[in-house]
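Biologist: Before we discuss this model, please show it to me. I should like to ask on what grounds each term is applied.

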Amino acid sequence: MDLVLSIADYYFFTPYIYPATWPEDTIFRQAITLLIVTNLGAYILYFFFATLSYYFVYDHLLMKHPQFLKNQVSREITHCVQSMPWMSIPTVSLFLLEVRGYSKLYDGVGEFPYGWFQLVASVLSFLFFTDMLIYWIHRGLHHRLVYKRLHKPHHIWKIPSPFASHAFHPLDGFLQSLPYHIYPFIFPLHKVVYLGLYILVNIWTISIHNGDFRVPQLLKPFINGSAHHTDHHMLFDYNYGQYFTLWDRIGGSFRNPSSFERNGPLNYVKNMAEEKHNSHGGNGYKNEKLFNGECTKTY
Ligand SMILES: [Zn+2]
Ligand SMILES: [Zn+2]
């Protein structure tokens with residue numbers, strides 16, 4: 001984050017906002033700037049990628065599903081907009097520690113004997129490390145002692161749209177982002193890679209809510225995609241993972257997505273429309289029985 005901080009100071013805060021007498025490396029000034037930059041960055045990433053996803057990827061037929069709520073998209077957006085500033089407070093305190101030099105983030109690829117190899121390996125280790133921790137944190141958030149208070153707000157959306165991606169209770173959102181923030185305090189990571197991963201993590205979070213249930217055949221056994229996560233929203237006890245299915249398989253919570261078995265929410269909507277179309281023939285609601293209640297569960 002110190003890269004972002006220096007750019008923001010150089011081009012904006014030092015010449016136009018703060019008095020010249022206020023040194024750039026004052027902790028209070030850094031905290032204020034980080035708070036502004038983090039909130040702005042989070043809103044830009046969320047609105048830019050979720051909007052793209054909503055108009056170009058998301059299948060709007062899903063909005064016809066009976067469990068898609070009234071005014072859901074605007075409610076998801078309102079929830080995100082209200083949560084993000086609260087989420088940013090603990091986040092900024094970790095960014096501040098990192099800017100003050102307590103992390104293992106580094107600048108030059110040449111600092112390590114196998115610089116480029118180390119860089120690629122760090123991306124993989126980051127993905128596996130954060131995937132493992134998010135799995136357990138997410139699973140912990142489903143514990144009955146904390147579920148209602150912290151995680152239920154994210155499960156209001158049974159059929160999420162891309163705008164539900166960041167619609168969390170602030171503490172829930174922060175806890176699930178914690179693995180990303182603690183990684184560079186434990187392992188060395190290149191500063192630019194760290195920023196790139198921040199963008200990637202946000203895009204991925206949107207992508208598992210985007211209603212595109214396809215996964216390339218070769219990756220199907222390994223990747224936790226929108227099909228898996230939508231089932232998680234509907235069924236609760238399965239597919240807690242973020243990037244991979246690995247920990248769900250180890251933890252016994254893996255479930256082959258209903259969409260892979262042509263039994264998902266989109267199939268339901270299509271069958272419902274077909275039934276409606278045929279109902280003049282008198283055999284309507286056959287599929288209603290098949291999908292409603294059997295495919296979903298409510299807490
Ligand atoms: Zn979700
Ligand atoms: Zn959950």
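**The metal site and the enclosed space**

Modeller: The model is predicted. Along the chain, the donors of the zinc ion (ligand 1) follow the spacing H-x54-H-x19-H-x3-H.

Biologist: What makes His154, His209, His229 and His233 donors of the zinc ion (ligand 1)?

Modeller: The cut-off for a donor atom is 2.8 Å from the metal. The NE2 atoms of His154, His209, His229 and His233 coordinate the zinc ion at 2.0 to 2.1 Å, so these nitrogens count as donors.

Biologist: Why is the arrangement around the zinc ion called irregular?

Modeller: Four donors count as tetrahedral if all angles lie between 85 and 135 degrees, and as square planar if opposite donors are over 155 degrees apart. Here the 4 donor atoms subtend angles of 95 to 149 degrees, which makes the arrangement irregular.

Biologist: Which parts does the pair His209 and His233 tie together?

Modeller: His209 lies in the loop between H7 and helix H8 (226-235), and His233 in helix H8, so the pair ties together parts that are 24 residues apart in sequence. Both His209 and His233 are buried.

Biologist: How many cavities of 30 Å³ or more are there, and what lines the largest?

Modeller: There are 2 such cavities, and the largest holds about 530 Å³ of space. Its lining comprises 32 residues, with Met87, His166, Gly173, Ser177 and Asn202 nearest its centre. H6 contributes the most to this lining, with 6 residues.

Biologist: What is the make-up of that lining by class?

Modeller: The lining of the largest cavity has 12 nonpolar, 20 polar and no charged residues.

Technical notes: Residues are numbered from 1 along each chain as its sequence is written. Chains are lettered from A and ligands numbered from 1 in the order in which they are written. This is a predicted model: local features need pLDDT of at least 70, side-chain atom pairs count only at pLDDT 80 or more; totals for chains, interfaces and linings use all residues. Side-chain values use heavy atoms; hydrogens and water are left out. On a 1 Å grid over the protein atoms alone, a cavity is a set of points where a 1.4 Å probe fits but cannot get out, and a pocket is an open set with protein on both sides within 12 Å along at least five of seven lines; lining residues have an atom within 4 Å of a point. Grid points are joined across faces, edges and corners, and a volume is the space filled by probe spheres set on the points. Helices (H or I, at least four residues) and strands (E, at least two) are DSSP runs, numbered from the N terminus. Ala, Val, Leu, Ile, Met, Phe, Trp, Tyr, Cys and Pro count as nonpolar, Asp, Glu, Lys and Arg as charged, and the others, Gly among them, as polar. Donors are N, O and S atoms within 2.8 Å of the metal (3.2 Å for Na, K and Ca); water is not among the atoms, so sites may look incomplete. Four donors count as tetrahedral if all angles lie between 85 and 135 degrees; four count as square planar and six as octahedral if opposite donors are over 155 degrees apart and all others between 65 and 115; anything else is irregular. Buried means under 20% relative accessible area, exposed over 50%, partly exposed in between (1.4 Å probe, protein chains only).
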